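Me: I am new to this structure and should be grateful for a close look at one part of it. Please explain which elements meet there and how they are arranged.

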Amino acid sequence: MSSHRLVPESLALLTEGYAWLPDLLRAEDDTALNLRLLGHPALVVRGPDAVRFFYDERHVRRHGALPGPVVNTLFGHGTVHTLDGDAHRSRKSLFLPLLEADAVAGSAEHITAAWDEAVPGWRKQSDVVLFDAVGRVITRGVCRWAGVPLAEDGEEPLARDLLAMVDGFATPGARHWRARRARSRQEKRFGELVTEVRSGAVRAPAGSVLERVCHHRDASGAELTPRVAAVELLNVVRPTVALSWFVVFAAHALHRWPGHGRRLRSGDAAFATAFAHEVRRFYPFAPFLGGRAVTDLTWENRKLPAGGLVLLDVYGQNHDERLWKDPYAFRPERFLERPPGRDVLIPQGGADARTGHRCPGEAMTVGILETLSQRLADLRHEVPAQDLAIPLNRIPARPRSGMIIRLAATARS
């Protein structure tokens, strides 16, 4: 094993996708690796200690680390994800209420109600593309919860744009440009909404996400500009709609391993939580996270100059046999045997959500996924013949078919 082997820059990320970094680390039989990415020196790290190293602002910063295509599609310019230090902590305070139990329960309640409203319409269709249908459901529910007004004919185009922003963040070509157009449309619309709330033309519900964003002041004491406020409002709504990927993965798991449906239908709350965690661990979503070295770094005898890229191998860590027994087996029971470690299970980042860059909406993700997985288990449906392959060279991955379901005839009566 060579401790400093440099892997030449190549198109491996585009061709191998989620398998790229895990394969490189497997070839080295190690949890760290030097390589070059887009012409820059980079250090790949994995493991709970590496997570703590990665999220230590003395070592790694976010500012300037996110590639332009990701900012232009997924996060937007001026977002909390691109800030560090006091600026990040001040902006992060805007999102901390998402960690509270009331927010988790409220968002799940609104999204579950939207699901229940949608199911009668699904019964009238021959086939339902679950990915698209869930995107509309979550858009309706999260907008109600966040206080974002939504015209009756605005639900589908907003859902389509929000899904497009996520679907095009890590790919060149048509999906990327569709994502950029979607972000431009919705930043304009949400910016106009912020201006209308501030002028009094539109009333934001008291205590709502919309009200908090419109009146938030940054570390400097200044209100966010309408564009930045729009970006941060989207950074509540858009990641919630990104749950469509996890819900479709839950449906995929229930189809492949139907025994789990019986336990979900039994009302076992602990199992529903374990199932949600295993969906997030097992299925591919974020391949890795990136930052830039604050100073010259050394990690596990591997060196990186200041300004170099640090990559945290998220997908590889969630499938690391050093951390997980039978990592490529879908086994929710593992989370009944042992709760997920904060820096071990990292589908939405690591470290402390209150003070660091870990997603503050993670508790909402788990709560909503628990509830909708139980709804899926209760929904009597068939899965017609289709292409359910989940290609790992597509980021973000999902079943090629979008997961088509057909409500059983007995359920339509």
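Reply: **A small sheet and the helix packing beside it in sequence**

In strand β10, Ile 404 is the bridge partner of Val 129. The model is predicted, so local features are described where pLDDT is at least 70, side-chain atom pairs count only at pLDDT 80 or more, and totals for chains, interfaces and linings use all residues. Residues are numbered from 1 along each chain as its sequence is written, and side-chain values use heavy atoms, with hydrogens and water left out.

The bridge belongs to the antiparallel pairing of β4 with β10 (residues 404-407), which runs over two bridges; two strands are said to pair if DSSP finds at least two bridges between them. Strands are DSSP runs of E with at least two residues, while helices are runs of H or I with at least four, both numbered from the N terminus. The sheet in question is open, has three strands in the order β4-β10-β9, and is paired in the antiparallel sense. Its edges are β4 (128-129) and β9 (381-382), each of which pairs on one side only.

The helix α6 comes next. Two packed helices are described by the angle between their axes and the distance between the axes. Here axes are lines fitted to C-alpha atoms, for helices over the stretch in contact, and angles run from 0 to 180 degrees between N-to-C directions.

Helix α6 (residues 101-123) and helix α7 (residues 130-146) have axes 8 Å apart and pack at an angle of about 135°. This angle makes α6 oblique to α7: under 35 degrees counts as roughly parallel, over 145 as roughly antiparallel, 65 to 115 as roughly perpendicular, and the rest as oblique. The crossing of α6 and α7 is right-handed, meaning that the near helix is turned clockwise from the far one by less than a right angle; an anticlockwise turn would be left-handed. Among the residues in contact (heavy atoms within 4.5 Å) are Ser 107, Ile 111 and Trp 115 of α6 and Leu 130, Val 134 and Trp 145 of α7. By class, this contact has 13 nonpolar, four polar and three charged residues. Ala, Val, Leu, Ile, Met, Phe, Trp, Tyr, Cys and Pro count as nonpolar, Asp, Glu, Lys and Arg as charged, and the others, Gly among them, as polar.

Helix α6 also meets helix α17 (residues 362-378): their axes come within 9 Å and cross at roughly 30°. The two helices are therefore roughly parallel. This crossing is right-handed. On α6 the contact includes Ala 103, Ser 107, Ile 111 and Trp 115, and on α17 it includes Met 364, Ile 368, Leu 372 and Arg 375. Ten nonpolar, four polar and two charged residues make up the contact of α6 with α17.

In the loop between α5 (85-92) and α6 lies Phe 95. Phe 95 counts as buried because its relative accessibility is 4%; buried means under 20% relative accessible area, exposed over 50%, and partly exposed in between, with a 1.4 Å probe and protein chains only. The C-alpha atoms of Phe 95 and Gly 361 are separated by 8.0 Å, although these residues lie 266 apart along the chain.

For context, the protein chain has 18 helices and ten strands. Of its 413 residues, 57% are buried. Among its contacts between residues at least 6 apart in sequence, 72% join residues at least 24 apart.
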